[in-house]
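Reader: I would like to learn how to read a model of this kind, feature by feature. Where should we start?

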2 protein chains.
Amino acid sequence: MKIGELASATATKVETVRYYEKIGLLPPPARTSANYRAYGTEHLARLSFIRRARDLGFTLEAVRELLTLSDDKAQSCEAVDGIARVHLNDIDRKIGDLTALRRELDRVIGSCRHGTVADCKIIETLGPR
Amino acid sequence: MKIGELASATATKVETVRYYEKIGLLPPPARTSANYRAYGTEHLARLSFIRRARDLGFTLEAVRELLTLSDDKAQSCEAVDGIARVHLNDIDRKIGDLTALRRELDRVIGSCRHGTVADCKIIETLGPR
DNA sequence: GTACCGTCTGTAGCAACTACAGACTCAAGC
DNA sequence: GCTTGAGTCTGTAGTTGCTACAGACGGTAC
């Protein structure tokens, strides 16, 4: 499999695939005589894993840990569960923050009387107290 | 006012103040004989504006537009309202995305039977279909 | 005078890519 | 056989919004 095929099979950009290789997430594949990267199914599996974890919002560092853990099949999956739970907490915090922000911004917009900037409540809210 | 005072008055780091100056968001202030930046109340007002807009999640580009608009007091505040509404939509989209993510991650975590990695449903979910 | 803090400029780093530049390879059409 | 276009190669620089130095200088308290 050439890099373009691997990329489109995983909805990834070619540059991103090379980037993952550079940072050590994806092992360097064999090369053809023309120095093209030649991927096998194990690369496809690994890249799929990375992309799905990324889609779930895991950082690349978390993905790296998950990959390491997934390589040791005999180990307890406690650590995996832990990483996922920490991430879930992060998401909950983000949702909370954004919801509070949304409320505040909604209030600010709601106060707009659509006059001139001089009377604009939005600008006023942002200005000095 | 020296840069440290301005920074602490607006809960900003000194480096960030200098950064805002460098990218043209904050006008370069006068200098003392020792080449220290000397700020006035207009700088305080402008930096407060920037920080509050940032707290509401506006990008620096949006802040730049809001600052330009707020300088023309006679103009209608339609444009201001527009920027704020676009931003509100962005936030709504982000909340939606995160909520969907949260649901999915929660499902994945819920499937974990706390055995070995070989049977781990979390790893399995991430792996190839 | 001597600590110790604050300030100065300039540069490099963070996450996670993305977008080039300039050279090479390959497959299809004429 | 030759050209054209697409794909690939390496390497570097850009993105957002800061943050963290390094190394030099200024100001103040004891």
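Author: What follows goes through confidence, the chain contact, the DNA surface, the domains and two backbone angles.

Reader: How confident is the predictor in chain A, and which elements of chain A have the lowest and highest mean pLDDT?

Author: This is a predicted model, and where pLDDT is low, the predicted coordinates should not be read in detail. Chain A averages a pLDDT of 93, with 99% of the residues at 70 or above. Among the elements of chain A, helix α6 (residues 121–126) has the lowest mean, 88, and strand β2 (residues 37–38) the highest, 97. The model as a whole scores ipTM 0.85 and pTM 0.88.

Reader: How many residues does each chain give to the contact between chain A and chain B, and which element of chain B gives the most?

Author: An interface is often sized by the accessible area lost when the parts come together. Here we go by residues: 49 from chain B and 49 from chain A. On the chain B side, α3 (41–55), α4 (60–71), α5 (78–110) and α6 (121–126) each supply at least two residues. The most come from α5(B), with 20 residues. By class, that side of chain B has 27 nonpolar, eleven polar and eleven charged residues.

Reader: Which residues come nearest to DNA strand D?

Author: Of the 18 residues around DNA strand D, the nearest are G4(A), R37(A), A34(B), T59(B) and L60(B). The elements giving two or more residues to this surface are α1 (3–9) and α2 (14–22) of chain A, with α2 (14–22) and α4 of chain B. Its classes are eight charged, six nonpolar and four polar residues.

Reader: What domains does the assignment give for chain A?

Author: The assignment gives domain 1 (1–74) and domain 2 (76–129). Their centres, taken over C-alpha atoms, are separated by 34 Å. The contact between them takes six residues from domain 1 and five residues from domain 2. On the domain 1 side, four are nonpolar, one is polar and one is charged.

Reader: Where does H114(A) lie, and is H114(A) buried or exposed?

Author: H114(A) has a positive phi of about 60° although it is not a glycine. H114(A) sits in the loop between α5 (78–110) and α6 of chain A. H114(A) is exposed, because 12 other C-beta atoms lie within 10 Å and the cut-off for exposed is 12 or fewer.

Reader: And where does N35(B) lie?

Author: N35(B) is in the loop between β1 (30–31) and β2 (37–38) of chain B. N35(B) is not a glycine either, and its positive phi is about 70°. With 6 C-beta neighbours inside 10 Å, N35(B) counts as exposed.

Terms used
Residues numbered from 1 in each chain as written. Chains lettered and ligands numbered in written order. Predicted model: local features only at pLDDT ≥ 70, side-chain atom pairs only at ≥ 80, totals over all residues. Contact = placed C-beta atoms within 7 Å. Helix = DSSP H or I, 4+ residues; strand = E, 2+ residues; numbered from the N terminus. Nonpolar A, V, L, I, M, F, W, Y, C, P; charged D, E, K, R; others polar. Near = placed C-beta within 6 Å. Domains from an automatic or database assignment. pLDDT = per-residue confidence, 0-100. Buried ≥ 20, exposed ≤ 12 C-beta atoms within 10 Å, placed from the backbone.
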